Each structure stands twice: as C-alpha cells, then as structure tokens.
Amino acid sequence: MNRSFRLATLFNIPVEINYSWFIILGLVIFTLARGYFPLTNPELPEAAHWLLAAAAALLLFASLLAHEFSHALVAVRHDLPIHGITLFVFGGVAHMEKEPSAPGIEFKMAAAGPAMSFLLACLFFALTQISYGLGLPNALLSLLNYLFLINLAVGLFNLIPGYPLDGGRLLRAALWHFLKNLKRATRIASFFGKAFAFALIAYGLLHLLAGSLVAGLWFIFIGLFLQEAAGTSYQQIVLRRALSGVPVGKVMTRSVVTVPAGLTLDRLVDDYFFRFRYTSFPVVEDDALRGLVTLHAVKQVEKKDWPRLTAGEIMLPLDEKLTIGADHDVIDALARMGAAGMSRLLVTDGGKLAGILTQRDITRLFELKSKIDEE
Ligand SMILES: [Zn+2]
C-alpha cells in the first residue's frame with residue numbers, strides 16, 4: 001500500500017497519490033466518456049465526450065482533496081499532527097501521528113469530510129441551476145450536474161458505517177463514547193467495515209455475471225480496497241495502543257557490536273556478518289558514531305575488491321533516517337523504519353551511540369504487552 005508519489009504540499013500537509021488512484025481515474029474517465037456524456041450530450045462528437053470526462057475527473061479529484069483536507073484541518077486544530085494525505089480509491093487517508101484522544105474529537109473529524117462533500121454537492125447543484133437559468137451550454141450543465149451527483153454520492157458512500165470509512169469512524173466514536181473502550185469500539189466498527197466490503201464484492205460479482213463489466217469491476221475493486229483497509233486499521237490501532245508512550249531507550253538493545261571504520265570488507269564479512277549474523281552494524285571511528293554498514297551494501301561490491309575497501313567507505317552515512325533519540329516514542333521509531341525501509345535504527349544520546357533498536361525488539365514488546373492487556 002506504499003506505492004504513492006508526492007503531488008504537492010498544501011497547508012503544510014504533503015499530498016500523495018497512490019498508484020491505485022490511476023486505475024480509478026481511468027475507470028472514471030472511461031465510464032463518463034462512454035456512458036454519461038454520450039447520454040446527456042448526444043449532439044457532441046466523441047472527442048468532446050472524452051474532454052468533458054477528463055475535466056469532470058479532474059474536478060472530482062479536487063473535490064476528494066477538499067474532502068480529505070477538511071478531515072485534516074479539523075485534526076490539526078485539535079493538535080493531531082497530520083503527516084500527509086494519500087488519495088486512494090474513493091477518497092483518501094490522512095496520516096495521523098496520534099489517535100484522537102476523545103470520542104468527541106474523532107466524531108468531529110470524521111464528520112468534517114462528508115460535510116464538505118455535501119457542501120460541494122449543494123454548490124454544484126446551485127451552479128447547475130444558475131447555469132440553466134442563464135441558458136449556458138448544455139455540456140457545462142451536464143458537467144456541473146455530474147459534480148453535484150458525485151459529491152452527493154461520495155458524501156453518502158463515506159457515511160456507510162463500516163470502519164475505516166467516515167461513517168465507520170462516527171460509529172466507532174459513538175461506541176467508544178458508550179463502551180469507554182477504544183479497542184473494542186474499533187473491533188466492532190472494523191467488523192462492519194469488512195461485512196460491507198464483502199457485500200460490495202458480492203454485488204460486483206453479480207454485476208459481472210449479469211454482463212456489466214465496468215460496474216462489476218467498480219464494486220469489486222472498492223470492496224477489496226475496503227476490506228484490506230478495515231483489517232490494517234484495526235491492527236494499527238492495537239499496535240498504537242500498546243506502544244504509545246514507550247520511549248525507545250527502554251526497548252533498545254544496549255550491548256551493540258560495532259565495527260571500526262577502517263576494517264576491510266573481507267574481515268567484516270568473516271568476523272562480523274558470519275559471526276554475529278546481523279544484517280547491519282554501526283560503524284564507529286574514534287569513539288564517535290559514523291554510520292551503518294549493511295550486508296546489502298557489501299554485496300554490491302565485487303568480492304575481489306573486499307580486501308581493498310573498508311567499512312567506512314561503503315557505509316550509509318549518519319542521517320535522520322538511520323537514527324533516533326533514546327527519548328523518542330517507539331511508535332515514531334516504527335514509522336521511521338517503515339519510511340526508510342530499515343529493520344533497525346541506531347539509538348543516539350548526545351551524538352553517541354546508546355543502543356540499537358530492531359523491529360524484533362518492538363514485536364517482542366508488543367507481544368508481551370498484548371498478552372498482559374488481554375481483555
Ligand atoms: Zn472522509
């Protein structure tokens with residue numbers, strides 16, 4: 001699910017687009033150019049239908065962005081930092097660092113998106129009426145009318161009470177409020193999300209059997225997406241609950257095997273990689289941390305060059321992606337590992353190596369904690 005690229009930064013929030021969105025974009029343009037516009041504007045040539053379809057798809061895209069931003073801006077106002085927004089299939093996901101601290105905040109955040117979609121629907125409805133009154137071209141009317149309908153549909157679709165859709169979040173907030181248990185509320189809301197996803201897939205299959213390919217694919221695609229999202233969101237919340245507030249320094253391994261920067265690669269392989277069987281080692285020089293040498297980097301060098309090159313020459317230099325302060329949250333460490341594609345981080349304390357944190361350290365802690373927390 002990480003296949004996204006950065007589009008722009010708005011209100012200090014990076015906007016990313018998941019590649020899955022292009023499949024949807026293609027489907028939207030195709031459906032509009034071959035279905036909707038030929039029906040509403042049969043007098044226009046085919047090229048005009050494709051142009052109108054592209055314009056409609058772009059405006060739909062802007063509408064979805066407005067929907068996501070209204071979630072994000074409510075979150076930011078409640079001190080919930082947003083890392084970025086990723087646009088997926090039917091909307092997007094705002095990446096929050098923390099979960100909302102109270103059901104009321106979650107409720108407001110979840111409601112903001114559909115509220116924006118309904119507002120846009122009203123706006124496009126009004127514009128359609130005005131254009132009609134002014135006698136503007138038919139093509140414009142069809143375009144505005146489509147945007148009215150699609151924003152209405154996006155608002156309604158997102159209100160379906162299956163987590164992680166907005167409606168599911170509203171449900172979760174309500175359950176959280178009454179049950180006073182976020183984990184259980186999430187579990188129930190995710191169950192509804194999965195049930196709804198299966199219903200969509202089944203409905204899509206029925207369409208396929210009945211011979212309508214595009215509609216069938218639509219429903220199946222959205223269903224599959226929702227099903228995965230419902231599962232991962234639940235795991236995320238459990239993980240977050242268990243690990244938030246735990247500092248890195250408490251979990252890290254303190255006794256770290258380090259490698260001197262001047263060590264040649266043949267010795268590095270024999271004396272370190274084979275002996276300790278780790279996939280990377282911190283590199284030190286005169287007591288100071290310099291970088292990280294990985295097995296992957298060693299493998300990039302031809303064997304005959306091993307006696308000539310040193311660990312210091314092929315190491316990854318120290319940067320933010322490789323290190324984390326001992327006082328940081330384990331959750332932050334996990335996010336950093338994910339972003340950098342690393343399974344271990346060097347823990348620093350005042351510029352010096354204090355320890356090393358591996359994904360396995362975190363998994364172990366998580367397993368222990370979830371055993372203790374079990375309801
Ligand atoms: Zn939403």
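How many bridges join strand β10 to β11, and in which sense do the two strands run? In this predicted model, strand β10 (residues 344-349) is joined to β11 by six bridges, and the two strands run antiparallel. Within this pairing, Leu345 is placed opposite Leu357 of β11, and Thr348 has Leu353 of β11 as its bridge partner. The two strands make up a hairpin in which two residues lie between them. Gly350, in the turn, has a positive phi of about 60°.

The hairpin belongs to an open sheet of three strands, ordered β9-β10-β11, in which the pairing is mixed. The edges are occupied by β9 (323-325) and β11 (352-358); each of these has a single partner strand, so one side of each is left without a neighbour in the sheet. From one strand to the next, the twist averages 35°.

A further open sheet has four strands in the order β5-β6-β7-β8, again with mixed pairing. Its edge strands are β5 (259-260) and β8, each of which pairs on one side only. Two bridges link β5 to strand β6 (residues 280-285), and this pairing is parallel. Val259 stands opposite Val283 of β6. At the other edge, strand β8 covers residues 316-317 and contains Pro317. Pro317 is exposed because 10 other C-beta atoms lie within 10 Å of its own, and a residue is taken as exposed at 12 or fewer. In sequence, Pro317 is 196 residues from Ala121, and the C-alpha atoms of the two are 52 Å apart in space.

The chain as a whole was described next. The protein chain contains 13 helices and eleven strands, and its C-alpha trace spans about 80 × 55 × 40 Å along the principal axes. Of its 375 residues, 34% are buried. When contacts between residues at least 6 apart in sequence are considered, 61% of them join residues at least 24 apart.

In soluble globular proteins, nonpolar side chains tend to be buried together. The largest nonpolar core of the model comprises 56 residues, of which Leu32, Ala53, Ala56, Ala57 and Leu147 touch the most other members. Helix α2 (residues 46-77) supplies eleven residues, the largest share of this core. Ala56 is in contact with Leu32, Leu143, Tyr146 and Leu147, if neighbours within four places in sequence are set aside. Another core of 25 residues lies apart from the largest one and includes Val259, Val293, Met315 and Ile324.

Two helix pairs were examined in detail. Two packed helices are described by the angle between their axes and the distance between the axes. For α2 and helix α4 (residues 138-158), the packing angle is about 35° and the axes are 10 Å apart. The crossing of this pair is right-handed. On the α2 side, the contact involves Ala48, Leu52, Ala55, Ala56, Leu59, Leu60, Ser63, Leu64 and His67; on the α4 side, it involves Ala139, Leu143, Tyr146, Leu147, Ile150, Asn151 and Val154. By class, 13 of the residues in the contact of α2 with α4 are nonpolar and three are polar, with no charged residue.

In the second pair, helix α5 (residues 166-179) and helix α6 (residues 182-209) cross at roughly 145°, and their axes come within 8 Å. This crossing of α5 and α6 is also right-handed. Helix α5 contributes Gly168, Leu171, Arg172, Leu175, Trp176 and Leu179 to the contact, while α6 contributes Leu182, Arg184, Ala185, Thr186, Ile188, Ala189, Phe192 and Gly193. Nine residues of the contact of α5 with α6 are nonpolar, three are polar and two are charged.

One of the α6 residues in this contact is Leu182. Is Leu182 buried or exposed? Leu182 has 22 C-beta neighbours inside 10 Å and therefore counts as buried, the threshold being 20 or more. Leu182 and Ser101 are separated by 81 residues in sequence, whereas their C-alpha atoms are 9.9 Å apart in space.

Terms used: Residues numbered from 1 in each chain as written. Predicted model: local features only at pLDDT ≥ 70, side-chain atom pairs only at ≥ 80, totals over all residues. Pairing = 2+ DSSP bridges. Axes fitted to C-alpha atoms, helices over the stretch in contact; angles between N-to-C directions. Core = buried A, V, L, I, M, F, W, Y, C linked by C-beta atoms within 7 Å. Contact = placed C-beta atoms within 7 Å. Left-handed = near helix turned anticlockwise from the far one by under 90°. Nonpolar A, V, L, I, M, F, W, Y, C, P; charged D, E, K, R; others polar.
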